[in-house]
Amino acid sequence: MRKRLIGAVAGLATLVLPTVNAVAATAKTIVTTKRVTGPQAVADRWGYVEVILVVKKTTRIVGTHKKVTRKITNVLVPIYPNHTDRSVFINQQAVPLLTNEVLTMTQFNPNIEFVGGATATSGAFAQSLQAAILQAKKI
Amino acid sequence: MHRVEHVMGMPIVVAVRDGEVPDEVFDWFRHVDATFSTFKEESEISRLRRGELERAEASDEVQQVLARCDELREETSGFFDIDAVDGDPSGFVKGWAVDEAAAILDRAGVTEYGINAGGDIRTRGRWTIGIQHPLERQEIAQVVEGDDLAVATSGAYERGDHVRDPHTDEAPSGILSVTITGPDLGTADAYATAAFAMGGRRAPGWTARLRGYEAMTILSDGRVLSTPNFPSA
């Protein structure tokens, strides 16, 4: 499985596809970025590995000549066995996959039926949102 | 209807959309408390911790819980480790007890229910859940909506800095809370505890590679990092 992943990486890295397309005479460059997810692979007895490649595709059109180049700009390893110190570093590579927002207070949402949070003691619960919502809703 | 009882040192809410909450559910929680409480001198866990009971002689359910805690230590690289808290499995028992209570409700034919055990929640059917703001306790930071969910949160904002990194015995830094969702509340709770103990630098990357579980990590600098399929409403 490992061989297969490395093969896929090498294949993408060297992929240059010159194609000829008639029509326009002016120079034009189109750049797009895509993510390619590899299959989850078993790494012996250590668990699973998954690799995501971030590929930048540049299409350069000059007159009738069109040239496409693809470059791997990042390699992410979102799933990786967690048995070594090195894996902690590799874990950080997965961070770009997460959505990143800013902590806010949400508007009052009348649909809320339960309130979750870090373990509530009874003292805290007595004045907690959950108690208030239960009173308000009479579920 | 809903029922609230104070069991296992916390308020437990069981809500159903139709019918009654069976007595069996709270009988079960009281049984778990009697068996696993570290505050009850005669519980099996207390006897195990004092060395009066061998693990091999413990009841099947105690052995099952301890075996799962061993697995979770491996799955979390030692960040969830009951040995670091003198063999107290409470961090897993609460979620596990709720999972078993959910099975009782399933067997009783209840099709839409929610259980909230001190802020950790398990639902059947579609429910809307607010996640408490880690700094402004009377506010909601995020709304979660989904079918058949377990939702567990670990943070420093209720019982003080009670979660520590078992490797260093330090309180985690750079992190306010971690919420994990998935099919199983015991596992979600252990993952949330482990990720929180990892601190703000390690936790987000670790949660990104969990299988079958989604996560929302709130960092001390106010960033909220969620895995792509976290069930935000």
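**Helices 3 and 4 of chain B**

In this predicted model, the face of helix 3 of chain B turned away from its buried side carries the exposed residues B:Asp60 and B:Glu74. The buried residues of this helix are B:Glu61, B:Val62, B:Val65, B:Leu66, B:Arg68, B:Cys69 and B:Leu72. They cover an arc of only 160° around the axis, which puts them on the same side of helix 3 of chain B. An α-helix has 3.6 residues a turn, so residues three or four places apart point the same way.

Several helices of chain B cover this buried side. Among them are helix 1, helix 2 (44-49), helix 4 and helix 5. The length of helix 3 was also checked. Its 16 residues should span 22 Å at 1.5 Å a residue, and the end C-alpha atoms are 22 Å apart, which agrees. Helix 3 is followed by B:Ser77, which has a positive phi near 55°.

Helix 4 of chain B runs over residues 90-107. At 1.5 Å a residue, its 18 residues should span 26 Å; the end C-alpha atoms lie 25 Å apart, which agrees. The buried residues of helix 4 are B:Phe92, B:Val93, B:Lys94, B:Gly95, B:Trp96, B:Ala97, B:Val98, B:Asp99, B:Ala101, B:Ala102, B:Ile104 and B:Leu105. They pack against both helices and strands of chain B. The helices are helix 1 (23-36), helix 3 (60-75) and helix 5 (185-198). The strands are strand 2 (10-16), strand 3 (113-117) and strand 4 (120-124). Just after helix 4, B:Gly109 adopts a positive phi of about 85°.

Definitions and conventions: Residues numbered from 1 in each chain as written. Chains lettered and ligands numbered in written order. Predicted model: local features only at pLDDT ≥ 70, side-chain atom pairs only at ≥ 80, totals over all residues. Heavy atoms only, no water. Helix = DSSP H or I, 4+ residues; strand = E, 2+ residues; numbered from the N terminus. Expected span 1.5 Å × (residues − 1). Buried < 20%, exposed > 50% of the residue type's maximum accessible area, 1.4 Å probe, protein only. Contact = heavy atoms within 4.5 Å. Arc of directions from axis to C-beta.
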